[in-house]
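The following paragraphs go through charged side chains and their pairings. Please keep the sequence and the model open while reading.

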Amino acid sequence: MKKIGFLFALILLFNCKEQPKNTTSKTSTHVKAETVEISYAEGFSITNFEDFKIVKVNSPWPKAEKEFTYVLAKKNVTLPDTLQFDQKVTIPIKKIVVTSTTHIPSLESLGQENTLIGFPHLDYISSEKTRNLIQEGKVEEIGENEHINTEVLLNLNPDVVIGFAVEGGNKTFETVNKSGIPVVYNGDWTETDPLGKAEWIKFFGAFYNQEQKAEEIFTEIEQEYLSAKKLAQQAENQPSVLAGSMYKDVWYLPYGNSWQAQFIKDAKANYLYAETNGNGSISAAFESVLDKAQNADFWIAPGSFTSYEQMQNASEHYQEFNAFQQQKIYSFAGVKGETGGVLYYELAPQRPDLVLKDLIKIFHPELLTNYETTFFKALE
């Protein structure tokens, strides 16, 4: 899931139809060239035609009622008169603004990090490669969280802004759209399958004409994930697992159909809330969680805590759990970039294979004896 501090809604012009007037440009045909294979992600599709591509995003946010259609075309290509779309983007991209740290790994994997010219709240970025670009002054600060500085963004004049939305529109990005800069939704965060999130690298590949490279990157991640999942099935035991922590006396836990729960299942462990379904997080009273999970073998992702002392200072009730008493709590909150960004929020969606291996190492250390975890570390 994305860090709540990142969330801000981007809006697109509805029912927009664009028809370039350059009569000397080549006219496209409606003959379908190919549909890019999407195996796990449910939120987008890519169809390649002779002179342009159509990217459809059908799940920009949970329960979205509209599918968004984006046309990606080379400069001076005239599109068919009958083609309906929300935004047109000229490709390949030379200058891009992205709005979530989860977009950064895709740019870097494709070797396109140098096209990044703006981002909201630069301190959230953990990657050393992109941080070097920031230090060189090549990536501009465009605001913080949902408070985007429209003037700065317009002055950057990117080829496209890649954003995400919680549930609807944002006046700032209405202004951006009206200025002629296309805003495109990315819905990777709505995927519940770990490999579904990772497959959104193909979305970025389309903007750079790098579909083949994106496919190769994803295939390698997929193979590593499936191999780790198969390895986990060799474990002789299946430990029980608790997740989450309290905020103002309310315990927040991932639903059983979430991507976090899928990781636990694929690591051959028993998530104690696996039977639940929903969007967002479960809100539960402390007493109910204690009753259900007091004897859980492991406790993972306890909010922002990185030490037992922090947890005990926040609430003495935490020490009532066996996982606390036996020091079997693991968190990703302590692995940060130089400016405080949590690496998990940035890299985990694209590298589910590393997340899964971390959990296998925690739950079944005998299966990965020489493996060093990437995200999850034992609490101090």
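Lys-202 is buried, because its relative accessible area of 3% is under the 20% cut-off. In this predicted model, the side chain of Lys-202 meets that of Glu-215 in a salt bridge, with 3.0 Å from N to O. Lys-202 belongs to helix α6 (residues 201-207) and Glu-215 to helix α7, so the salt bridge ties together parts that are 13 residues apart in sequence. Glu-215 has 27% relative accessibility and therefore counts as partly exposed. The pairing also extends to a third residue: salt bridges that share partners join Glu-199, Lys-202 and Glu-215 into one network.

Side chains of opposite charge can pair when their charged atoms come close. The structure holds twelve salt bridges. One of them is formed by the side chains of Glu-211 and Lys-53, at 2.6 Å from N to O. This pair links distant parts of the chain, since Glu-211 is in helix α7 (residues 211-232) and Lys-53 is in strand β4 (residues 52-57), 158 residues apart. How does the cover of the two partners compare, buried or partly exposed? Lys-53 has 8% relative accessibility and so counts as buried, whereas Glu-211, with a relative accessible area of 21%, is partly exposed. The value for Glu-211 lies over the 20% below which a residue is called buried.

Which residue forms a salt bridge with Lys-229? The partner is Asp-266, and the closest N and O atoms of the pair are 3.7 Å apart. A salt bridge is counted within 4 Å, so this pair qualifies. Lys-229 sits in helix α7 and Asp-266 in helix α8 (residues 259-266); the pair links distant parts of the chain, 37 residues apart. Asp-266 is buried because its relative accessible area is 4%. Lys-229, at 32%, is partly exposed.

Other charged residues gather on the surface. Asp-123, Glu-140, Glu-141, Glu-144 and Glu-146 form a patch of negative charge there. Members of such a patch have over 30% relative accessible area and no salt bridge, which means that these five acidic side chains are not part of the pairings described above. Glu-140 lies in strand β10 (residues 140-141). With 36% relative accessibility, Glu-140 counts as partly exposed, and this value therefore meets the patch requirement of over 30%.

Methods:
Residues numbered from 1 in each chain as written. Predicted model: local features only at pLDDT ≥ 70, side-chain atom pairs only at ≥ 80, totals over all residues. Heavy atoms only, no water. Patch = residues over 30% accessible without salt bridge, like charges linked within 9 Å, V, L, I, M, F, W, Y side chains within 5 Å. Areas by Shrake-Rupley, 256 points an atom, 1.4 Å probe, with all protein chains shown as cover. Lys, Arg positive; Asp, Glu negative; His and termini not counted. Charge placed at Lys NZ, Arg CZ, Asp CG, Glu CD. Helix = DSSP H or I, 4+ residues; strand = E, 2+ residues; numbered from the N terminus. Buried < 20%, exposed > 50% of the residue type's maximum accessible area, 1.4 Å probe, protein only.
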